[in-house]
Amino acid sequence: MNATLACVLALAAGTYVFRLAGPVLHGRVELPARFQELLTVGATVLLVALLATGALTEGQSFAGWARPAGVLVGGVLAWRRAPFAVVVVAAAATTALLRLAGVQ
């Protein structure tokens, strides 16, 4: 067995164990409320960081102002609970119109 196959099998087994751990341990392990809050905040921070890097950078440089403006429009619409299709189309249209107007 080559090393690549062994790594793929080990990662597959680890992923399966992680997926199985939730249903198996549900109700058996009680996490403190403070720890649950920290997990929620941590997940939110990671998602915001992913959003920021995706919206503000392209490669290793600044993506320009059109993309963050589109993300901002999409974020506001999502916050206002607009339908998902409306959020996506409005964000894309904002970015496209700004780029058409010459804003990079």
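**View 1. Helix α2 packs against helix α3 in this predicted model.** Helix α2 covers residues 33–56, and its axis lies 8 Å from that of α3. The two helices pack at an angle of about 140°. That angle makes α2 oblique to α3. From α2, the residues L51, G54, A55 and L56 take part in the contact. They meet R67, P68 and V71 of α3. By class, this contact holds five nonpolar residues, one polar residue and one charged residue.

**View 2. Helix α3 packs against helix α4.** Two packed helices are described by the angle between their axes and the distance between the axes. Here the angle is about 155°, and the axes are 8 Å apart. Helix α3 spans residues 66–79, while α4 spans residues 84–100. Angles over 145 degrees count as roughly antiparallel, and α3 and α4 are therefore roughly antiparallel to each other. Their crossing is right-handed.

**View 3. Residues where α3 and α4 meet.** On the α3 side, find A66, R67, A69, G70, V73, G74, L77 and A78. On the α4 side, find V86, V87, A90, A91, T94, T95, L98 and R99. Which classes of residue make up the contact of α3 with α4? There are 10 nonpolar residues, four polar ones and two charged ones.

**View 4. G74, a buried residue of helix α3.** Look for G74 in α3. Its relative accessible area is 7%. Buried means under 20%, so G74 is buried. Set aside the neighbours within four places in sequence, and G74 is in contact with V87 and A91. Both V87 and A91 belong to the α4 side of the helix pair. Now compare G74 with E30: the two are 44 residues apart in sequence. In space, their C-alpha atoms are 37 Å apart.

**View 5. T95, a residue of helix α4.** Is T95 buried or exposed? Its relative accessibility is 14%, so T95 counts as buried. Beyond its neighbours within four places in sequence, T95 is in contact with A66, R67 and G70. A66, R67 and G70 are among the α3 residues that meet α4. R67 also appears in the contact of α2 with α3.

**View 6. R81, in the loop between α3 and α4.** What is the phi of R81? The angle is near 65°. This is a positive value in a residue other than glycine. The relative accessibility of R81 is 75%. Exposed means over 50%, so R81 counts as exposed.

**View 7. The chain that holds these close-ups.** The secondary structure comes to four helices and two strands. Read along the sequence, the pattern is α-α-β-β-α-α. The radius of gyration is 21 Å, and the globule rule gives 13 Å for 104 residues. The computed value is well over the rule, so the chain is more spread out than a compact globule. Along the principal axes, the C-alpha atoms fill a box of roughly 55 × 45 × 25 Å. Buried residues make up 11% of the 104 residues; G74 is buried, and T95 counts as buried too. Now take the contacts in the chain with a separation of 6 or more. Of these, 39% are between residues 24 or more positions apart.

Key
Residues numbered from 1 in each chain as written. Predicted model: local features only at pLDDT ≥ 70, side-chain atom pairs only at ≥ 80, totals over all residues. Heavy atoms only, no water. Axes fitted to C-alpha atoms, helices over the stretch in contact; angles between N-to-C directions. Parallel < 35°, antiparallel > 145°, perpendicular 65-115°, else oblique. Left-handed = near helix turned anticlockwise from the far one by under 90°. Contact = heavy atoms within 4.5 Å. Nonpolar A, V, L, I, M, F, W, Y, C, P; charged D, E, K, R; others polar. Buried < 20%, exposed > 50% of the residue type's maximum accessible area, 1.4 Å probe, protein only. Rg over C-alpha atoms; globule rule 2.2 N^0.38 Å.
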